[in-house]
Amino acid sequence: MSTDSTEDSTEDSAEEVEIDLGALNDEDLVAQMHDDLYDGLGDEIVEGTNLLLGRGWAPDKTLNEALVAGMRIVGIDFRDGILFVPEVLLAANAMKAGMGILRPLLAETGAESVGKVVIGTVKGDIHDIGKNLVAMMLEGAGFEVIDIGINSDVDKYLEALEEHQPDILGMSALLTTTMPYMKVVIDTLKDKGLRDDYIVLVGGAPLNEEFGTAVGADGYCRDAAVAAEMARTMIDQRRAARAS
Ligand code: B1M
């Protein structure tokens, strides 16, 4: 153990140094915001977002370069087991704080979202921590997310699909007794001739790839980072296929 109190106090004060975000140039400010997102610092994200907007940055540029790019780093480290659920929830909440400022501005400028997702936990199941995390990561990746909540029966999914016309339907289940309900929803979509209108992604701790295929989903997402990546890739593929 070090007995050098000068060294200790220098280390302490170095840790406590407050960064004046306003004094940073744009590039350094964006890099600092990536760090602040990573550390889940909502107040700093709000301040940084306001600073960039005040410097004339467009809301979509601010969203993509400062927030979405920062959340991508969080997603990668979550996927690689460097960050865990509590840290990712903090980062996602910081992202939400920034989004709170940008959302109304983006709506005014008509900036296009990457895509739209309706997501909910299936009937009989009230677990929502994972689903909420997925919704936040999707928002972080630039998606518009309509979260229909927990205990969602097939009618609730159908109503939301009709009302919001999303690109993607996401379903979550945490119980072995509720996961088969995903097939009920997908089969109903098939019966109504609606199945091909949506990319269907499923997730939840008891699921696996095989189950996703068996119920007729387009993809099984192991975690929230995979969900955001898969959503983006599948939308790009579908748009490219439709354009050709
Ligand atoms: Co519940 N519960 N629970 N529970 N609970 C489990 C799931 C269980 C495994 C615990 C256990 O026994 N070891 C067990 C299920 C056993 C089984 O089915 N084989 C269980 C049980 C039995 C129950 C009750 C029946 C208990 C009882 O009342 N006797 C009851 C059921 C109530 C109901 O739903 N009808 C119940 C209740 C509860 C609480 C209310 C107390 C609470 C939920 C609080 C809430 O969600 N608001 C709770 C909790 C917290 C858990 C555990 C401990 C943690 C779940 C969680 O939040 N994980 C869980 C044990 C466990 O999983 N270790 C357990 C963290 C979360 C981030 O991970 O949800 O897997 P996860 O989400 C991940 C991925 O799966 C994926 O991405 C997420 C983020 O990376 N993902 C998706 C999830 N959804 C996705 C959707 C997508 C894509 C990816 O769409 C595109």
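Helix H6 supplies the largest share of the shell around the ligand, contributing four residues. The structure described here is a predicted model. In total, 26 residues surround the ligand, and the closest are Ile126, His127, Asp128, Ser172 and Thr176. By residue class, this shell divides into 14 nonpolar, eight polar and four charged residues.

The ligand contains a cobalt atom, for which the protein provides a single donor, the NE2 atom of His127, at 2.1 Å. Histidine 127 is placed in the loop between strand E1 (116-122) and helix H6. Backbone atoms also approach the ligand. A backbone N or O atom of glycine 124 lies 2.9 Å from a ligand nitrogen atom, and a polar backbone atom of glycine 204 is 3.5 Å from a nitrogen atom of the ligand. An oxygen atom of the ligand, in turn, lies 3.1 Å from a backbone N or O atom of alanine 224. Two or more residues of the shell are given by each of helix H6 (129-140), strand E3 (168-172) and strand E4 (199-203).

Helix H6 also takes part in salt bridges, of which the structure holds 11. One of these joins the side chains of glutamate 139 and arginine 103, with an N to O distance of 3.4 Å. This pair links distant parts of the chain, since glutamate 139 belongs to helix H6 and arginine 103 to helix H5, 36 residues apart. The two partners fall into separate accessibility classes: glutamate 139 is buried because its relative accessible area is 14%, under the 20% limit, whereas arginine 103, at 41%, counts as partly exposed.

A further salt bridge connects aspartate 147 with lysine 131, the closest N and O atoms being 3.0 Å apart. This pair likewise links distant parts of the chain, with aspartate 147 in strand E2 (residues 144-152) and lysine 131 in helix H6, 16 residues apart. Here the lysine is the buried partner, lysine 131 having a relative accessibility of 3%, while aspartate 147 is partly exposed at 36%.

Aspartate 223 and arginine 222 form another salt bridge, in which the closest N and O atoms are 3.1 Å apart. Aspartate 223 counts as buried at 15% relative accessibility; arginine 222 has a relative accessible area of 51% and is therefore exposed, the limit being over 50%. In addition, Arg79, Asp80 and Glu229 are joined into one network by salt bridges that share partners.

Two further positions were examined individually. Alanine 97 is located in helix H5 (residues 85-109) and is partly exposed, with a relative accessible area of 27%. Apart from neighbours within four places in sequence, alanine 97 is in contact with Gly42 and Val46. The C-alpha atom of alanine 97 is 7.8 Å from that of aspartate 43, although the two residues are 54 residues apart in sequence.

Valine 215 belongs to helix H9 (residues 209-215) and counts as buried because its relative accessibility, 4%, is under 20%. When residues up to four places away in sequence are not counted, valine 215 touches Lys183 and Ile186. Valine 215 and asparagine 151 are 64 residues apart along the chain, and their C-alpha atoms are separated by 19 Å.

Conventions: Residues numbered from 1 in each chain as written. Predicted model: local features only at pLDDT ≥ 70, side-chain atom pairs only at ≥ 80, totals over all residues. Heavy atoms only, no water. Near = heavy atom within 4 Å. Polar contact = N/O pair within 3.5 Å; in protein donor to acceptor, adjacent residues only side chain to side chain. Nonpolar A, V, L, I, M, F, W, Y, C, P; charged D, E, K, R; others polar. Buried < 20%, exposed > 50% of the residue type's maximum accessible area, 1.4 Å probe, protein only. Contact = heavy atoms within 4.5 Å. Donors = N, O, S within 2.8 Å, 3.2 Å for Na, K, Ca; no water. Salt bridge = Lys/Arg side-chain N within 4 Å of Asp/Glu carboxyl O.
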